[in-house]
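Walk through this model from its interfaces inward. Begin with how chains meet, then turn to how domains meet within one chain.

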Amino acid sequence: MSKTNPGNYFEDFRIGQEIRHATPRTITSGDVALYTGLYGPRFAVQSSDVYAHRIGFKSAPVDDLLAFHMVFGKTVPDVSLNAVANLGYAGGVFGVPVYPGDTVSSVSTVTGLKQNSNGKTGVVYVNTVGRNQRGEMVLDYNRWVMVVKKDQSAPAPETVLPELPTVVSPEALQVPIGLDASDYDTELSGSPDLWDDYYVGEKIDHIDGMTLEEAEHQIATRLYQNTAKVHFDQVAASAGRFGKRLIYGGHVISLARALSFNGLGNAFKIAAINAGAHANPAFAGDTVFAWSEVLDKFELPGRRDLGALRLRLVAVRDRRESDFPLRTEDGKYHADVLLDFDYTVLIPR
Amino acid sequence: MSKTNPGNYFEDFRIGQEIRHATPRTITSGDVALYTGLYGPRFAVQSSDVYAHRIGFKSAPVDDLLAFHMVFGKTVPDVSLNAVANLGYAGGVFGVPVYPGDTVSSVSTVTGLKQNSNGKTGVVYVNTVGRNQRGEMVLDYNRWVMVVKKDQSAPAPETVLPELPTVVSPEALQVPIGLDASDYDTELSGSPDLWDDYYVGEKIDHIDGMTLEEAEHQIATRLYQNTAKVHFDQVAASAGRFGKRLIYGGHVISLARALSFNGLGNAFKIAAINAGAHANPAFAGDTVFAWSEVLDKFELPGRRDLGALRLRLVAVRDRRESDFPLRTEDGKYHADVLLDFDYTVLIPR
Amino acid sequence: MSKTNPGNYFEDFRIGQEIRHATPRTITSGDVALYTGLYGPRFAVQSSDVYAHRIGFKSAPVDDLLAFHMVFGKTVPDVSLNAVANLGYAGGVFGVPVYPGDTVSSVSTVTGLKQNSNGKTGVVYVNTVGRNQRGEMVLDYNRWVMVVKKDQSAPAPETVLPELPTVVSPEALQVPIGLDASDYDTELSGSPDLWDDYYVGEKIDHIDGMTLEEAEHQIATRLYQNTAKVHFDQVAASAGRFGKRLIYGGHVISLARALSFNGLGNAFKIAAINAGAHANPAFAGDTVFAWSEVLDKFELPGRRDLGALRLRLVAVRDRRESDFPLRTEDGKYHADVLLDFDYTVLIPR
């Protein structure tokens with residue numbers, strides 16, 4: 001019998017099935033350095049132990065998206081090796097901060113199954129929880145993917161759809177214990193704009209563009225130990241639909257988030273991922289631009305130092321004009337839109 | 001007189017000569033992160049301090065091949081700056097594990113010399129030992145290279161050929177002190193297959209492919225402080241035989257080893273390098289695939305938790321079919337074979 | 001009002017203005033690893049904790065140019081976002097060594113202003129001081145850039161030109177406290193040549209060449225959190241004068257410095273930057289070679305273990321001949337010269 005991992009096919013998943021994913025990972029300052037080199041984030045809290053300590057962190061925490069990619073990467077061999085589409089995210093909550101030296105593991109539970117009418121594929125919903133070496137939750141999120149069936153004659157499972165929130169409610173957000181932003185320094189953070197300066201409906205063009213390179217996304221995706229074949233193998237890609245290696249969608253999220261510093265320089269902490277769509281595939285040679293929209297503002301119960309912003313972060317390919325492209329008249333994503341990401345940040349007031 | 005390093009020519013080597021190589025190196029978690037980003041290894045022992053500690057390591061040890069490249073890289077300015085071919089490896093034994101923070105140095109002894117009949121080149125055999133800051137051996141291996149003569153009228157030295165083993169015997173393998181794999185977790189390691197599940201003669205197609213990029217191999221080779229000019233200088237390469245920069249052979253070893261995780265996910269520790277040939281040069285743009293053959297199985301004296309497998313690891317260029325290419329009918333390596341590497345791993349039983 | 005950083009225009013600067021730059025940065029062993037991978041420096045002091053400790057450092061200090069890039073990078077959003085030319089450096093002095101774990105911040109003071117006769121641009125002189133978390137100076141240097149005016153009708157400021165030294169005097173050089181090179185090991189350092197072996201007027205061809213890749217300079221420049229747009233955005237570059245992304249000048253300095261190891265292997269510590277010109281822009285695909293000239297030799301007051309060399313380091317594109325190109329007959333830089341860098345090193349005697 002083959003010793004290589006075949007991954008799971010649609011008929012292999014069962015409601016309630018728990019998958020303890022392989023390769024626990026100690027995240028180090030080396031991972032952080034590489035993350036900085038790959039995207040160029042400039043949030044002071046994640047860049048400086050001194051700055052982070054001053055507002056209550058033990059030291060500079062790891063970028064929330066680096067933690068996300070590490071937790072996510074582990075799920076690929078079990079959940080999405082035979083996926084044909086990454087359909088969505090919901091109800092993502094970040095827990096305790098991850099610090100260099102922490103070891104992160106992931107466990108997923110199958111929460112929904114729905115075979116497609118063509119009988120060839122089905123949608124699998126998983127809830128994934130990443131924990132540190134003390135068992136503390138660092139990230140809890142839901143994801144659903146379309147997975148192929150290996151045996152098309154396998155019977156369709158009973159359809160079960162999980163109840164997923166369209167937005168993580170302010171009450172569910174976790175503010176790191178000890179965090180006190182009342183002494184937050186906006187000169188060193190690089191932006192004067194705080195929670196009160198943003199309004200619902202505001203759109204921000206983040207201006208800067210970055211061109212994607214093959215070596216960069218490959219290094220990133222391997223760093224996350226994400227094994228999806230489409231990102232690495234040009235021989236397979238040349239025989240495929242696009243003729244090119246596809247860039248891991250998370251690479252685009254991180255790049256857009258780093259670009260969003262220019263306009264959201266104090267939104268240093270991602271508290272929730274509400275939803276996300278990889279609208280179009282990205283390829284090496286694309287130049288990524290980003291814009292944001294303030295979807296909502298939340299006060300945080302009992303806090304005067306911090307508020308939350310619900311943001312839409314859109315990554316766009318090869319367009320410098322600030323016309324905030326998203327969808328065309330027929331409701332489909334514009335062909336140049338790569339990412340439509342709905343998330344919630346903590347930002348000092 | 002020139003202050004740049006001319007390297008050693010064939011006539012500069014003497015039997016018994018000991019070379020204390022320059023640039024001792026402290027290996028850090030930064031080097032480990034970059035190594036992960038460059039190849040994507042997924043062995044749990046090297047990825048997680050917690051996992052490694054549970055089976056007796058102090059913390060996650062550095063990938064054995066990262067240690068190899070660091071020890072090897074130091075020898076290049078003295079041994080192979082004027083080499084025209086890297087002919088072989090033998091009798092490589094890994095000693096104590098390398099941990100982030102350890103400082104590694106290399107010393108080589110010339111053990112063999114044989115001038116070629118053309119009078120222009122000769123073969124130099126060296127034994128190289130890498131040690132940590134406590135003087136403990138981390139790697140002891142033999143290598144032979146063909147080196148040019150600068151002065152073709154220099155007299156040929158007496159031919160001396162060292163006795164080299166064709167395989168490192170099981171008795172010579174060093175199991176890290178304290179390692180106890182009886183509590184090894186195959187769920188977190190990502191593979192159910194242990195020593196008993198492999199049989200001699202078994203071939204494993206590792207399936208996945210990775211395309212090589214110039215930036216990647218250059219970053220890797222510089223990380224190892226390997227100064228061989230052929231990897232970096234496109235001006236010289238354009239005037240040369242291939243027209244392209246050659247990729248450091250060790251880069252292909254590491255990539256093939258990382259690919260071999262898919263099928264050998266519990267073979268977490270390289271104990272020996274028995275032999276190795278860089279069958280054909282690799283270039284950016286090549287997509288590397290790998291397959292393995294189980295050449296032998298060894299029990300380890302007095303141990304029920306671990307066994308050893310002698311493996312052939314073959315890296316192949318741009319071929320996705322699992323036809324296990326190696327040599328053509330005339331006994332030469334197939335033109336698409338990049339690496340034929342014979343090594344021994346420790347794997348839980 | 002826009003929330004993105006517009007940068008400062010010429011008319012925004014005032015003599016005596018102090019700018020506390022954003023994004024303090026904790027420099028880690030991860031940053032060091034990436035620096036090694038990007039340039040391949042081989043100085044033993046920066047490579048080995050053991051070697052560095054033996055001559056009086058706490059552990060291996062960070063490469064001086066890595067510290068430079070980190071201090072410099074922070075100034076870009078405030079000083080040179082609207083710059084059209086990086087005109088020069090002067091009076092750069094390195095202070096206490098930077099070790100992994102140190103947090104570096106930058107403050108600049110405007111020391112000179114001179115509007116150009118065209119009324120569209122002006123020259124801004126800044127003195128920048130980088131300090132560690134204890135407030136100790138790690139780098140103090142002057143830089144002047146040509147910056148555009150946003151409002152061309154804004155009145156010209158009074159012209160003020162700072163007095164800047166053409167060379168940092170030996171008395172102003174800072175030798176790290178505790179450094180004692182009397183026990184310096186030239187075998188492990190990789191070069192036998194010490195201070196006494198160099199003579200004023202000596203030229204050294206560093207021989208080796210390295211070809212620049214887009215992924216490499218982008219990763220480097222993001223690592224330094226340098227946000228200059230010209231390095232990253234191919235869409236903008238395609239519409240510009242060169243059609244290509246420009247490589248951060250500091251990337252070329254670091255590459256040339258690493259190449260200079262071959263000929264200056266004991267010049268392990270940069271003590272001063274006297275002057276520097278980015279003679280021509282560098283692009284991906286260029287192969288960089290380097291040569292040095294010994295401009296001066298200084299004894300250091302009261303020390304027999306160390307001396308100083310004032311060096312010119314020249315980076316050249318795509319030329320392998322050791323003809324030491326610099327300027328053409330009309331006094332302009334040769335079109336293939338990328339860098340003319342005047343700096344002072346400490347080197348054991």
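A salt bridge here is a side-chain nitrogen of Lys or Arg within 4 Å of a carboxyl oxygen of Asp or Glu. By that rule, six salt bridges cross the interface of chain C and chain A. In one of them, A:D208 pairs with C:K229, with N to O at 2.4 Å.

A word on conventions. This is a predicted model, in which local features need pLDDT of at least 70 and side-chain atom pairs count only at pLDDT 80 or more, while totals for chains, interfaces and linings use all residues. Residues are numbered from 1 along each chain as its sequence is written, chains are lettered from A and ligands numbered from 1 in the order in which they are written, and side-chain values use heavy atoms, with hydrogens and water left out.

How many residues does each chain bring to the contact? Chain C gives 33 residues and chain A gives 43 residues, where contact means heavy atoms within 4.5 Å. The size of an interface is often given as the accessible area lost when the parts come together. Here that buried area (1.4 Å probe, summed over both parts) is about 3100 Å². Carbon and sulfur atoms give 56% of it. On the chain C side, C:K3, C:R20 and C:R222 supply 26% of the area buried against chain A, more than any other three residues.

Polar contacts add to the picture. The count between chain C and chain A is 20 residue pairs, both at pLDDT 80 or more. Such a contact is a pair of N or O atoms within 3.5 Å; within protein, one must be able to donate a hydrogen and the other to accept it, and residues adjacent in sequence count only if both atoms are side-chain atoms. Four elements of chain C give two or more residues to this side: β2 (25-26), α1 (29-39), α6 (214-223) and α7 (234-238). These are DSSP runs, numbered from the N terminus (helices H or I, at least four residues; strands E, at least two). The largest share, six residues, comes from α6(C). By class, the side of chain C that touches chain A has 10 nonpolar, 14 polar and nine charged residues.

Now the symmetry. A rotation of 120 degrees with 0.0 Å of shift along its axis superposes chain C on chain A, with RMSD 0.0 Å. The fit is by least squares on the C-alpha atoms of residues with pLDDT of at least 70 in both copies. The two copies are thus related as by a three-fold rotation axis. In chain C, the C-alpha nearest that axis belongs to C:G30, 2.1 Å away. Only 12% of the interface residues of chain C are also interface residues in chain A, so the copies meet through different surfaces.

Next, look inside chain A. An automatic or database assignment divides the chain into domain 1 (1-27 + 62-164) and domain 2 (172-349). Their centres, taken over C-alpha atoms, are 22 Å apart. Each domain of chain A puts 26 residues into the contact with the other. Together they bury about 2200 Å², 58% of it on carbon and sulfur atoms. A:L65, A:H69 and A:Y89 supply 29% of the area that domain 1 buries against domain 2, more than any other three residues.

One salt bridge is counted between the two domains of chain A. A:K269 forms a salt bridge with A:D64, the closest N and O atoms being 2.7 Å apart.

Definitions and conventions
Buried area = accessible area lost by both parts, 1.4 Å probe. Nonpolar A, V, L, I, M, F, W, Y, C, P; charged D, E, K, R; others polar.
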